[in-house]
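Let's walk through this structure together, starting from the inside and working out to the surface. Have the model open and ready to turn as you read.

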Amino acid sequence: PEMLLMQAFLAEGGINSLSFSLRNYGYSDQVSDYIAVGQVEYVDILGAYDWLIDEQDYEPKSIGILSISTYTLASTLAFDESEMGAMWLDSAIIDFPLLVGNELERLGFPRILSSPAITMGERLVGVNLDDRVPLEVASRAGDRPMYLVHGDSDARISNEHSKMFYDKAVEADANVTLWMVEDSGHVDAVWEDSIEYEERLVNFFTQSLE
């Protein structure tokens, strides 16, 4: 529902949007019990990006990407391997080891189990998280605008993810903005601060895309 509301904001602002289902969702013929934390799914996003260019005659710089929570992993990697003009991430997951450590603590397990848990997960899914590192995208984005939204009270995904990405981008003189929403939880700002959220979202893409 968050994505539908965000797309309604864009439509009200005169901005076209495209929704599609990643693998394992919607009309997928084959459904896996696991996600590949963006390491494979980013190709699906690039497929949609290519379709907009090849079939709908969009220019790469006129295409932006909007993503929330878990899906930001794939979105960040797709942004890195494309010429998209701008990226908006809400409650982003940027560092998977940090996520695993936080989840273990939340469930009452010691963080020391993070490394073996990640290794086992990589073997189950068949990916290597060192192949593509979302955090590194922050230093390679150049002048393409990026906007991060995160609640300062997000108990589900630590806002350290967005802070790390922001700091890395600033260090590289990238074009990045961080909106840390006061007293807001996980992907809650779009509901709790709808008027301001819509204004920021529409202005960002209106000013960022060619």
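A word on terms before we begin: contact, which is what counts as covering here, means heavy atoms within 4.5 Å. Helices (H or I, at least four residues) and strands (E, at least two) are DSSP runs, numbered from the N terminus. Please keep in mind that this is a predicted model, in which local features need pLDDT of at least 70 and side-chain atom pairs count only at pLDDT 80 or more, while totals for chains, interfaces and linings use all residues. Residues are numbered from 1 along each chain as its sequence is written, and side-chain values use heavy atoms, with hydrogens and water left out.

A good place to start is helix α3, residues 72-80. Is this helix enclosed or open? Eight of its nine residues are buried, so α3 is largely enclosed by the rest of the structure. Buried here means under 20% relative accessible area, exposed means over 50%, and partly exposed lies in between (1.4 Å probe, protein chains only). The buried residues of α3 are Thr72, Leu73, Ala74, Ser75, Thr76, Leu77, Ala78 and Phe79. Their cover includes the helices α2 (42-54), α6 (134-137) and α7 (160-171), along with the strands β1 (64-68), β2 (86-90) and β3 (146-151).

Phe79 leads us on to the nonpolar cores. A nonpolar core is a set of buried Ala, Val, Leu, Ile, Met, Phe, Trp, Tyr and Cys residues joined through side-chain atoms within 4.5 Å. The largest one has 27 residues, and those with the most contacts inside it are Ile45, Phe79, Met84, Met87, Met146 and Phe165. At least two residues of this core come from each of α2, α3, β2, α6, β3 and α7, and α2 gives the largest share, five residues. Try centring your view on Met87: beyond its neighbours within four places in sequence, Met87 touches Ile65, Ser75, Thr76, Phe79, Pro145, Met146, Tyr147, Phe165 and Phe204. Apart from the largest core lies another, of 22 residues, with Val149, Ala189, Val190 and Phe204 among them.

Now for the charged side chains. A salt bridge is a side-chain nitrogen of Lys or Arg within 4 Å of a carboxyl oxygen of Asp or Glu, and by this rule there are nine. One of them joins Asp44 to Arg23, at 2.6 Å from N to O. This pair links distant parts of the chain, with Asp44 in helix α2 and Arg23 in the loop between α1 (2-12) and α2, 21 residues apart. Asp44 is buried at 19% relative accessibility, whereas Arg23 is partly exposed at 35%.

Glu103, buried at 19%, takes part in two bridges worth finding. In one, Arg106 is its partner, with the closest N and O atoms 3.1 Å apart; these two residues are three apart in helix α4 (residues 96-106), about one helical turn. In the other, Arg156 meets Glu103 at 2.6 Å, N to O. Arg156 lies in the loop between β3 and α7, so this pair ties together parts that are 53 residues apart in sequence. Elsewhere, Asp80, Glu136 and Arg140 are joined into one network by salt bridges that share partners.

Finally, turn to the surface. Leu107, Phe109, Ile112 and Leu113 make a nonpolar patch of about 420 Å². Patch residues have over 30% relative accessible area and no salt bridge; like charges are joined within 9 Å, and nonpolar side chains (Val, Leu, Ile, Met, Phe, Trp, Tyr) within 5 Å. Accessible areas come from the Shrake-Rupley method with a 1.4 Å probe, and for residues only the protein chains shown count as cover. Leu107 sits in the loop between α4 and α5 (114-125) and is exposed, at 52% relative accessibility.
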